[in-house]
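Thanks for making room for this on the agenda. I would like to walk through one structure with you, so please have the sequence and the coordinates open as I talk.

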Amino acid sequence: MSLSKKSKILLISLAVLVVAAVGGYFYIYKSHKTLDDMELVYTGSAEEFKSKMDTNADTWTKAGDKVIDLTGVITAKDVKGISVNGDFYFQLAEGTKTNDLAENQKIRIKGRIIGYDDLLGELKLDKAIILKK
Amino acid sequence: MKKILYLCMFFAVSTVVAQKYYTKTGKTYFKASVEAFEPVEATSESTTAVINMGTGEVAALLFIKSFHFRIALMEEHFNENYMDSDKYPKAKFKGKLEGFNMADISETPKEYKLSGTLQMREMEKAISTTAKLSKSGDNIILESFFTVKPQDFGIKIPSIVREKIAKEINITLNYELIEKK
C-alpha cells in the first residue's frame, strides 16, 4: 500500500507538529533547578569561607546560582532552617525537619547562596541539604 | 538613691527601645496575573524583616531570586529578563508603623498605618499602606498588602507579553516575627 503524496505530507507535518508540541511542553514546563544543576564553588570549613567572604560579601549576592558545602557548628535553629557558626543561615529544602538537630552539633550542609543579609549580618542560603550530622 | 532610680529607669527604657522582633523566613507573595492567562505569581519564603518595638520602625530585605514560581521557566525569565536579579539582587523596605505601641498588640489584629520607602533596582518608591499586627504565642504576626507598578522600578515589559501581565502588581506580606535575644 502506498500513500498518496498528499497523505505523506500530511503525516509528516503531523509528526513535526507533535514533536514540536511535546518539545515546547517540556521547554515551558521544565523542572526547577536542583542543587546538582548549580555550580559548587566551595567545599570546606565554614570558618574559612567566612574569612574569604568578609572581604567581598556583596559579590556573593550577585554571583548567580552558586552552591557551597560547609562544615561547621549549629548555633541556632528554627522550624525552617539552621544557623551555622552564627554567620550562615541555611533554609532547608522543603520537607526537611529540624527536630533532630541541636545547637552546638557539628554539621556538614550544602545550599544555594541567596545573598548577604546586611540586616542580620549573615549569608543566607536556601534549598539546603544536610550531608552529615 | 535618686541616682540609682534614674539609672534603673535608664536601663529599663533602653531595654524597651532595644527590643526587636525579626524573621528570616517571612512570606512575601506577589501576583501580577491577568484573567484567562497563565497566573503570574510567586512567593518568597526567605524575607528578612525586623521591627523595632520601641519605635515601630520596620526594615525588610528580600532577595529577588528567592521568589519561587510554579513554572521554572517563568522564574528564569523573571530573574533574567525582567528583574535582572544578578545585577539588582535586593529589594529593601524601610518604614514606620505610626502610633505603634507594643502594649496594644494582642491576639486580635490591630491595624496601623505603615509608610516607608521601597527600594529596588536602584529606584525608590514611597509606600503607604496599612499593616495588621497580632500576637501568636510569643511571636508577632505582621500582615500587609500594597500595590506597585512595573514602571515604578524601571521594569520593562515587552509588548508581546504586556497583555498577560497586570498593570498593577499586588504584594502581600505575611511575617511571623520572633523576639531577638
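Let me start with a term I will lean on: a residue is called buried if 20 or more other C-beta atoms lie within 10 Å of its own, exposed if 12 or fewer, and partly exposed in between. Please keep in mind throughout that this is a predicted model.

With that in hand, take helix H2 of chain A, residues 46–54, where the buried residues are Ala46(A), Phe49(A) and Met53(A). Looking down the axis of H2(A), these buried residues fall within an arc of 60°, so they line one face of the helix. On the face turned away from that buried side, H2(A) carries the exposed residues Ser51(A) and Asp54(A). What lies over the buried residues of H2(A)? The cover includes strand S1 (39–45), helix H3 (57–61), strand S2 (66–77), strand S3 (81–84), and also S4 and S6 of chain A. Lys52(A) also belongs to helix H2 of chain A, and with 13 C-beta neighbours inside 10 Å it counts as partly exposed. The C-alpha atom of Lys52(A) is separated by 18 Å from that of Ile109(A), a residue 57 positions apart from it along the chain.

Helix H1 of chain A gives another picture, being hardly covered, since the count of buried residues among its 24 residues is zero. At 1.5 Å a residue, H1(A) should span 34 Å, and its end C-alpha atoms are 34 Å apart, which agrees.

Let me turn to the core. The largest nonpolar core has 54 residues, and those touching the most other members are Val84(A), Phe88(A), Phe90(A), Leu125(A) and Leu177(B). Setting aside residues up to four places away in sequence, Phe90(A) touches Gly81(A), Ile82(A), Val84(A), Ile109(A), Gly111(A), Leu125(A) and Ala128(A).

Now the contact between the chains, to which chain A gives 20 residues and chain B gives 17 residues. On the side of chain A that touches chain B, helix H1 (5–28), strand S4 (88–92), strand S5 (106–117) and strand S6 (122–132) each supply at least two residues. The largest share, three residues, comes from S5(A). By class, that side of chain A has seven nonpolar, seven polar and six charged residues.

As for chain B, how many helices and strands does it have? There are three helices and nine strands in chain B, and read along the sequence they follow the pattern α-β-β-β-β-α-β-β-β-β-α-β. Taken along the principal axes, the C-alpha atoms of chain B fill a box of roughly 75 × 35 × 25 Å, and of its 181 residues 28% count as buried. Among the contacts in chain B with a separation of 6 or more, residues 24 or more positions apart account for 56%.

I will end with two backbone details that deserve a look. Most residues other than glycine have a negative phi. Lys127(A), however, has a phi near 55°, a positive value; this residue sits in strand S6 of chain A and, with 22 C-beta neighbours inside 10 Å, counts as buried. Arg121(B) likewise has a positive phi, of about 50°, and is found in the loop between strand S6 (110–120) and strand S7 (123–136) of chain B, where, with 17 other C-beta atoms within 10 Å, Arg121(B) is partly exposed.

Definitions and conventions:
Residues are numbered from 1 along each chain as its sequence is written. Chains are lettered from A and ligands numbered from 1 in the order in which they are written. This is a predicted model: local features need pLDDT of at least 70, side-chain atom pairs count only at pLDDT 80 or more; totals for chains, interfaces and linings use all residues. Two residues are in contact if their C-beta atoms, placed from the backbone, lie within 7 Å. Helices (H or I, at least four residues) and strands (E, at least two) are DSSP runs, numbered from the N terminus. Ala, Val, Leu, Ile, Met, Phe, Trp, Tyr, Cys and Pro count as nonpolar, Asp, Glu, Lys and Arg as charged, and the others, Gly among them, as polar. A nonpolar core is a set of buried Ala, Val, Leu, Ile, Met, Phe, Trp, Tyr and Cys residues joined through C-beta atoms within 7 Å. The expected span of a helix is 1.5 Å times one less than its number of residues. The arc is that of the directions from the helix axis to the C-beta atoms.
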